[in-house]
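Morning, everyone. I'll take one structure today, in two parts: a ligand site, then a sheet. Have a look at the screen.

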Amino acid sequence: ISLDPQAMFKEGFLKTVYHERPAKHILTRFPPEPNGYLHIGHSKAIAINFGFAKYHGGDCYLRFDDTNPVAEEEKYFTAIIDMISWLGFKPFKITYSSDNFDKLYELAEQLILSGGAYVCHCSDEEVKKQRGEGTGRPRVPCPHRTRPAEESLQEFRGMRDGKYKPKEATLRMKQNLEDGNPQMWDLMAYRILEQPHHRTGNKWRIYPTYDFTHCLCDSFENITHSLCTTEFIQSRPSYEWLCEAVKIYVPMQREYGRLNVTGTVLSKRKIMKLVDQGIVRGWDDPRLYTLVALRRRGVPPGAILSFINELGVSTARTNIQLPRFENSIRKYLEQTVPRLMVILDPIPVIIDSLPDDYIEEIEVPFNPKDPSVGSHIVPFTKTVYIDRSDFREEDSKDYFRLAPGKVVGLLKVPYPIKATTFTKDPTTNLITEVRATYEKPSEGDVNPPKKPKTFIQWISASAKHASPIHAEVRIFNSLFKSEDPDAHPDGFMADLNTSSEEIYPNAMVEVGLNEVRARAPWPAEAGEGGNASMKENDPTATEEEKKAAVTRVEIGPETVRFQGLRVAYFAMDKDSTDDKVVLNRIVSLKEDTGK
Ligand code: ATP
Ligand code: MG
Ligand code: MG
C-alpha cells in the first residue's frame, strides 16, 4: 500500500505540525466513538494518524472513545478494528477511554478541590440562558459556581452514588466566562447516565464527557500530536486548560480539514433509514460509502489510501464529488488487476464454417501491459457467446460491431467472424441466435481479410476445458439523483435514484476466473500491512493488548478483482456460493459510461 506522507502532508499542515514536532518518539491516536461504522471520511483520519506516526518512525494507538454507553455496541468495535487492518495499519495498542474511568474520576475530584470544577443543578434551559444563548443578554455565572469546593466534592460523590437522577446534577469545569470562546464557558465534565457500560458494567452511573476525557486520555498515553478535524480548533484552549488545571503533560492538538463526499449520505442516522426501509442490503451495500461497503464492492484498500494521498492534508475542508473518487479507484485498478472476458447478456453465435468438434486453444494474457502476471488458455469453438449489445440486426456505416454481412474481430482470435443470419423469438422479439462464418483466408489467398475495426469479447465452451462460469452481475449507479441529497425540499429520501442497481442474472465469465480466484487477492499487495509499527516485544503491552493489536487482514471474496474487457471493473460479492458467482461492478471503465 502506497502512502507517502511527505507528499500527503501539504505545506499548511506541515507548518503547524511537522515543524513544531518535538524531538521525541511520535505518538498519535485514532479515536473513534464505537457508535457506528466507519466511512470514507474516517479513512482520512486513519491515514493521517497512522501515516504521520509511520512517517516519523513513531506509533499510533487505536483508542475507542467509549464514554457514551447509550450509543455504543460491541459489533462496532470489531468492525472498526477490521477496517483499520483492512486499510493495512497496525495499531501500536488498542485502548479504551473507559480503561481510564478511575483515573479520570480521581482527577475530577482533584480538580474540584483545587477550585477548578463545581457541581451544578441547573437545567439545560437555565445553562443556555446563563451562557446568553438566544437571549442576546450578557453571560451570567451559574449560581452554583461559587459554592465551596468541599460541598461540590460531596455532591459529586452523591452523583456517583445515586443521590441524583440524570440531569439533576452535572459536574462543570470552572473555566473563563470572560473569554470570547464559548468552549471556555464552564463546559460539562461529568453527567449522570443510568446506563450500564459494555466494559465497566454497572460500576458507574456517571460518565465523563468528550471535553473532559479526550485531552486527559491523550495525556495519559503521552500522545505527542493529537490530530483532529478543524471543528475542534475552538476546543483547543479548553483542551489545554484542563491538562494544565490538573497539572499533567499537555499534548499538542492540531487540526486538519474534514473529507466530505457529495452525492451520497454518510450520517449514521440516514444510512440507518436506508437500511431499515430496505432501500439497501445493509451497512455494507456496495452503493454506500461506509468502509465495509467499499470493501464489499471490491475497492482495494490501496486505492482508498492513494486517493487520500492525492488529496493531501491541509486545514481546508474538502468536498469531493464521487466521480473524482471513482477516477482514483479506476487508475489504481488499471495498474493492478488482471483482465478477463465477461459477457453480461450472452447470445450464441454459431460459426457454420467450422466443424462441430473444432477447438482452437487461444492464449490470453492476464494483463497485456504486464506479461509478468502470465496468461491462460481459453477454447475457441464452433459456438461462441457474445454480448447482446455487440450485435445489430441492421448494419450501418458508423457501426463497427457485428451485424449481418459485417466482419468483427474476437479478442485474441487470429481471424475475424462475419455474421450471416439471425433468429429471433417471436414473442419477446429478442435475438436467440446468430449465424456466422470464420474469415480464415484459404491457402494462397492473395487478398487476406483486412484487420477488423473492432474486437469484441467472447466466450466458448468445450468439453475438454473447464466450463465458463455463470454469474449474476450487479451494476451500481449513484444511490441519489443529485449532488446534494440533503438539499431536496422533501428530504434526502425524496432524492433516491430508483435505478441505482441493474442486475444481469445470466452473465458469463471465461475460465480464466478460476485462476484469478486461486491467485486472489488482486492486487497482490492488497493484504500487506501499511504500518509495521506494532511492537510485539513492547514491554509495557499486556498479552491481551499484543494479541488484539495483531492485524486481521481478511481474504474475502472481494479480493477476486478483475477488469472485464470492454465492460467494467468487477469483484466477487459475498453473496457468491459454490453454485453461483455474484459480481459487483467496482467502477466503470470510463467516467462518462458510469450512468
Ligand atoms: P465526529 O467527530 O464528527 O462526531 P464521527 O462521530 O463520525 O465524527 P468519530 O468516531 O468521532 O466519528 O471519529 C473518529 C475520528 O475520525 C475523529 O478524529 C474524527 O474527527 C475523524 N473523522 C470523522 N469524520 C471525518 C471526516 N469526514 N473527515 C476526516 N476525519 C473524520
Ligand atoms: Mg460522533
Ligand atoms: Mg466524534
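First, a word on terms: a residue counts as near a molecule if its C-beta atom, placed from the backbone, lies within 6 Å of it. Keep in mind that this is a predicted model.

Now the ligand site. Which residues surround ligand 1? Start with Pro31, Pro32 and Glu33. Then come Gly41, His42, Lys44 and Ala45. Cys228 and Thr229 are also in the shell. Arg258, Leu259 and Asn260 complete the list.

Which elements give two or more residues to that shell? They are helix H3, residues 40-55, strand S8, residues 225-229, and strand S10, residues 259-262. H3 provides the largest share, with four residues.

What about residue classes? Around ligand 1, five residues are nonpolar, four are polar and three are charged.

On to the sheet. It is open, and four strands form it. Read the order as S4-S5-S6-S7, with antiparallel pairing. Which strands sit at the edges? Strand S4, 117-120, and strand S7, 206-208, each pair on one side only. From one strand to the next, the twist averages 20 degrees.

Let's zoom in on one pair. Strand S5 covers residues 170-173, and strand S6 covers residues 188-192. Three bridges join these two strands in the antiparallel sense. Pick out Leu171: its bridge partner in S6 is Tyr190.

Last, a helix. Which strands does helix H5 lie across? H5, residues 101-113, lies across S4, S5, S6 and S7. The helix runs at about 95 degrees to S4.

That's my tour. Over to you.

Notes: Residues numbered from 1 in each chain as written. Chains lettered and ligands numbered in written order. Predicted model: local features only at pLDDT ≥ 70, side-chain atom pairs only at ≥ 80, totals over all residues. Nonpolar A, V, L, I, M, F, W, Y, C, P; charged D, E, K, R; others polar. Pairing = 2+ DSSP bridges. Axes fitted to C-alpha atoms, helices over the stretch in contact; angles between N-to-C directions. Contact = placed C-beta atoms within 7 Å.
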